[in-house]
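Student: I should like to understand how the labels attached to a protein model are justified. May we work through some of them together?

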Amino acid sequence: SLVSSSDRADDNTAPVLVATQDVFASIAEADAASAAVFLSGSDEDREQRRLYEVALERSTAQLEQVSRLVGDDDMAHDYIKSISADLTTYAGLVETARTANQNGLAGASTSLLEAIDVVQGGIVPQVESLTLGAQRDLDDDADGGRSQAIVALFVVLIALALLVIAQDFVRRRTNRILNLPLVAATLLVLLAGAWLLGAWLRQQDDLDVARSAGYDSIALTAEIQTSAFRYKTLESLALLGAGDTVEQDALATTLAAVDIDDDLVADARDGRARGDGLLLQANRSADSNREQAASAELLVRWDRYRRTSQDIRLAIEGAERQAALDL
């Protein structure tokens with residue numbers, strides 16, 4: 001039971017969790033890039049268009065991977081089918097908006113807004129449900145074999161007690177202090193119990209390490225990507241008159257709830273950045289010099305992006321739409 005639960009975590013539940021996090025990030029990237037393409041006008045930004053197509057194709061492939069990994073989980077397959085259908089609808093609305101935009105037709109912005117609503121109101125909640133289901137499965141696998149192990153250890157204790165009683169009975173009947181077969185049996189049962197307990201504890205420790213050192217960091221970086229791309233989408237929507245500055249500010253706080261300055265970046269290069277936010281959390285979870293340097297660079301780049309974003313907002317508030325588009 002311990003082995004089978006570990007194998008399931010290795011082959012199915014953990015890979016499903018990783019893949020669903022990748023789906024989150026890919027769809028968020030596609031959403032941000034499609035809005036950027038639209039705002040670039042009828043000539044459209046080819047690089048942003050390429051990013052959109054690659055992200056959309058990647059998310060489809062990742063969904064197929066999840067479908068292969070979830071096995072016979074009917075509820076998960078229902079979510080995957082629904083997400084796939086919504087992705088098709090989303091891509092169709094994006095192409096409708098693109099065609100209308102290139103030809104100067106009315107309703108282009110409406111189609112794009114409908115596409116973004118499909119992502120935020122349909123796809124994202126379903127991917128979250130899929131992730132929660134996979135998380136529960138991983139928790140079950142992490143606890144797999146626990147009840148059997150407890151029963152087995154209880155049986156070991158009973159066997160040891162019976163062997164001790166038998167040893168005492170034989171000693172009184174034969175006046176022999178030790179009965180070698182019973183002593184050997186007692187030692188073997190004791191060793192078997194110790195081996196089982198050790199195997200169980202090692203399994204739990206290995207799964208905990210895999211989660212904290214492996215999956216948690218993947219989930220964190222995916223959440224950073226998703227939050228940042230959502231922020232970028234809202235920035236684009238603001239240029240269409242449909243932005244949400246409250247949600248934007250909340251996402252910015254989610255990413256970094258402190259002012260980023262030279263001292264903070266210097267601390268981040270040593271893995272000592274203090275403060276709330278996903279980027280600061282990523283820095284503290286880095287366990288190598290290379291990762292610490294990368295997380296420090298993330299802080300620098302986010303601060304640079306955020307400052308430009310604030311200039312864009314000021315331009316929009318000042319009714320300088322072209323200046324905002326140029327930024």
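Tutor: Let us begin with a definition: a residue is buried under 20% relative accessible area, exposed over 50%, and partly exposed in between. Please keep in mind that this is a predicted model.

Student: What makes Asp270 count as buried, exposed or partly exposed?

Tutor: Asp270 has 45% relative accessibility. Partly exposed is the class between under 20% and over 50%, so Asp270 counts as partly exposed. Arg272, at 41%, is likewise partly exposed.

Student: How do you know that Asp270 forms a salt bridge with Arg272?

Tutor: The cut-off is a side-chain nitrogen of Lys or Arg within 4 Å of a carboxyl oxygen of Asp or Glu. The closest N and O atoms of Asp270 and Arg272 are 3.2 Å apart, so the pair meets the definition of a salt bridge.

Student: Which residues are joined into one network by salt bridges that share partners?

Tutor: The network consists of Glu44, Arg49, Glu53, Glu95 and Arg98. Over the whole structure, the search finds 16 salt bridges.

Student: Why is the contact between Arg58 and Glu29 called a salt bridge?

Tutor: Their side chains meet at 3.3 Å, N to O, and the limit is within 4 Å, so the name applies. Arg58 belongs to helix α2 and Glu29 to helix α1, so this pair ties together parts 29 residues apart in sequence.

Student: Is Glu29 buried or exposed?

Tutor: Glu29 has a relative accessible area of 15%. Buried means under 20%, so Glu29 is buried. Arg58, with 31%, is partly exposed.

Student: What does the salt bridge between Arg313 and Asp249 tie together?

Tutor: The side chains of Arg313 and Asp249 meet at 3.0 Å, N to O. Arg313 lies in helix α10 and Asp249 in helix α7, so the pair ties together parts that are 64 residues apart in sequence. Arg313, at 21%, is partly exposed, and Asp249, at 30%, is partly exposed too.

Student: How many cavities of 30 Å³ or more does the search find?

Tutor: The search of the whole structure finds one. About 90 Å³ of space lies in the largest cavity. Of the 14 residues lining the largest cavity, the closest to its centre are Ser34, Val37, Phe38, Glu44 and Arg98.

Student: Which element gives the most to the lining of the largest cavity?

Tutor: Helix α3 gives the most, with five residues. By class, the lining has six nonpolar, five polar and three charged residues.

Key: Residues are numbered from 1 along each chain as its sequence is written. This is a predicted model: local features need pLDDT of at least 70, side-chain atom pairs count only at pLDDT 80 or more; totals for chains, interfaces and linings use all residues. Side-chain values use heavy atoms; hydrogens and water are left out. On a 1 Å grid over the protein atoms alone, a cavity is a set of points where a 1.4 Å probe fits but cannot get out, and a pocket is an open set with protein on both sides within 12 Å along at least five of seven lines; lining residues have an atom within 4 Å of a point. Grid points are joined across faces, edges and corners, and a volume is the space filled by probe spheres set on the points. Helices (H or I, at least four residues) and strands (E, at least two) are DSSP runs, numbered from the N terminus. Ala, Val, Leu, Ile, Met, Phe, Trp, Tyr, Cys and Pro count as nonpolar, Asp, Glu, Lys and Arg as charged, and the others, Gly among them, as polar. Buried means under 20% relative accessible area, exposed over 50%, partly exposed in between (1.4 Å probe, protein chains only).
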